[in-house]
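Please open the structure in your viewer and keep the selection tool at hand. The stops below say what to select next and what is there.

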Amino acid sequence: IAKLMADEGLAEIRTTQDQNLILINVPEARLEAIRGTLALEGLGEPTVGDDVVACPGTSTCRLGITSSKIVGAKLNGSAADLRIRVSGCHNGCAQPETGDIGIYGEGNRLNGKLIPHYQMYFGGDGRAFGGLGFKGPSIPAARIETAVARVQQTYLDDHQTGESFFQWTRRRGKESFTELLADLKAVAPEDMPSVMNDHGDAVAFKVLQLGGGECAGAAQELVASNFSEAAYERSCRNAFMYQHKQPQALECAEAIVRLIGNSLLFISGHTKVDDVAEMARLLKELQAERPQLSEKLASINQALEHLKENPDEAAFNKLMTDLDAWTIAVAQTSQEIDKQLDLTATLPMVAGQAQSPVIAAMNGAGVKAAERTQTMTVDLSTYGCPVHYLKARMELGKIKDDGLVDFLLQSGESVQQVSSSLAEDGHSILASVEEGGNTRITVRKAKAAAQQPA
């Protein structure tokens with residue numbers, strides 16, 4: 001195409017959301033010659049029904065759930081020339097909500113098995129006077145071609161003269177599509193063999209974890225953002241707890257539950273859910289091999305609801321310890337599923353444990369006895385963020401490289417904050433030990449070459 005443009009003296013080409021190219025300012029006298037040259041390369045102008053956009057899905061994208069690229073090649077807009085949008089997951093890179101018919105891949109459990117599905121949208125139009133499509137039923141992937149063809153034919157048979165697909169969907173209403181596709185949505189036990197496989201696969205469906213792709217950073221960004229926001233809510237929660245403001249602390253705790261729970265739902269291939277009880281039910285299916293996660297979530301949710309009506313400071317404090325431990329467990333599971341995730345800096349500390357890889361609870365491992373007897377202790381337990389870190393850095397500046405310092409910090413967020421920051425500066429956190437309401441962390445000063453500039 002670049003050679004064609006050079007030969008024809010064309011200076012501008014544009015890309016479109018339809019995954020097409022547009023040559024600009026083509027002289028009318030050269031149209032047929034250019035069409036002929038493009039035809040030699042197997043290229044041509046759009047034809048009726050070929051406006052189908054698909055993301056790569058599982059072919060290359062690490063977040064892909066279904067083989068959208070293969071499905072896209074099987075679909076067309078029919079004689080109605082509808083715009084079809086196919087995404088391999090709910091991130092929606094193909095913008096399914098803006099197509100006449102849009103679908104995105106997901107995994108749903110039916111009769112105890114994970115079955116590939118496509119969530120359908122109808123009547124989207126991102127152009128002027130348009131709007132987002134409305135959500136229809138989720139159809140097994142094996143039946144999606146039939147579902148799309150049925151909707152197209154119904155439109156051809158039912159629409160009024162001059163009535164666009166966008167207008168037709170608004171006239172019919174959402175429920176009519178649920179009824180139209182009800183038989184395709186339903187899967188009886190005896191139907192299971194026919195819906196087990198995704199398009200292009202000869203084996204039973206499973207959500208793959210590939211090494212890279214177009215959306216390689218999306219999981220890290222969303223999940224890490226949720227954990228970071230949860231860490232902020234945890235700080236607010238703790239501040240309210242210290243002030244004995246339990247109702248406000250409860251609100252923060254509920255926010256933490258939703259943020260962390262939805263992170264695990266996302267990493268498990270499901271969309272966001274606001275109702276925590278429903279979240280626990282879904283996780284019971286999606287994380288069936290880790291039943292403790294959904295069970296603990298359900299328990300925490302029940303306890304939170306009980307505390308709203310029956311305030312109890314001791315019960316609340318215990319529940320918050322359980323919530324923090326559950327947060328750490330979810331983080332560990334998320335990092336097992338996605339090896340590129342690092343949630344270290346956003347995790348809470350649980351009394352008696354060093355949950356973070358940064359804070360390795362080595363009980364003094366790597367510290368010689370002679371060094372231990374000479375280690376000085378700096379009490380930072382009365383300081384908050386960021387003063388405790390700044391003072392710790394000043395104290396480390398006073399000692400020789402490879403020297404040891406024990407910092408005494410208030411247990412909880414302060415330990416996590418200071419430990420993570422010092423580790424980022426290149427220092428080594430050798431131990432983390434609880435002492436009453438405080439935590440003693442042992443730090444080995446980095447050599448000058450290893451330290452990062454302030």
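Begin by selecting N25, which is exposed, with a relative accessible area of 67%; bear in mind throughout that this is a predicted model. N25 sits in the loop that runs between β2 (21-23) and α2 (31-40), and its backbone deserves a look, since the phi of N25 is near 60°, a positive value in a residue other than glycine. As background, most residues other than glycine have a negative phi.

Next, select D402, where phi is again positive in a residue other than glycine, here near 75°. You will find D402 in the loop between α15 (387-396) and β9 (404-410). Is D402 buried, partly exposed or exposed? With a relative accessibility of 34%, D402 counts as partly exposed.

Now show two helices together, α10 (residues 246-267) and α12 (residues 291-309), which pack at an angle of about 160° with their axes 11 Å apart. Because an angle over 145 degrees counts as roughly antiparallel, α10 is roughly antiparallel to α12. The crossing in which α10 passes α12 is left-handed. To see the contact itself, select Q246, L250, A253, E254, V257 and L264 on the side of α10, and then L293, L297, I300, L304, E305, L307 and K308 on the side of α12. Colouring this contact of α10 with α12 by class would give nine nonpolar, one polar and three charged residues.

From here, turn to the largest nonpolar core, which has 37 residues. Which of its residues touch the most other members? They are F227, L297, L304, L323 and W326, and two of these, L297 and L304, are also in the contact of α12 with α10 that you have just selected. Two or more residues of this core come from each of α9 (218-242), α10, α11 (276-286), α12 and α13 (313-337), and α10 gives the most, with 11 residues. In soluble globular proteins, nonpolar side chains tend to be buried together.

Stay in this core and centre the view on L323. When its neighbours within four places in sequence are left aside, L323 is in contact with R237, A253, I256, V257 and I300.

For the last stop, select V52, I101, I103 and F134, which are among the residues of a second, separate core of 25 residues.

Technical notes: Residues are numbered from 1 along each chain as its sequence is written. This is a predicted model: local features need pLDDT of at least 70, side-chain atom pairs count only at pLDDT 80 or more; totals for chains, interfaces and linings use all residues. Side-chain values use heavy atoms; hydrogens and water are left out. Helices (H or I, at least four residues) and strands (E, at least two) are DSSP runs, numbered from the N terminus. Buried means under 20% relative accessible area, exposed over 50%, partly exposed in between (1.4 Å probe, protein chains only). Axes are lines fitted to C-alpha atoms, for helices over the stretch in contact, and angles run from 0 to 180 degrees between N-to-C directions. Angles under 35 degrees count as roughly parallel, over 145 as roughly antiparallel, 65 to 115 as roughly perpendicular and the rest as oblique. A crossing is left-handed if the near helix is turned anticlockwise from the far one by less than a right angle, and right-handed if clockwise. Contact means heavy atoms within 4.5 Å. Ala, Val, Leu, Ile, Met, Phe, Trp, Tyr, Cys and Pro count as nonpolar, Asp, Glu, Lys and Arg as charged, and the others, Gly among them, as polar. A nonpolar core is a set of buried Ala, Val, Leu, Ile, Met, Phe, Trp, Tyr and Cys residues joined through side-chain atoms within 4.5 Å.
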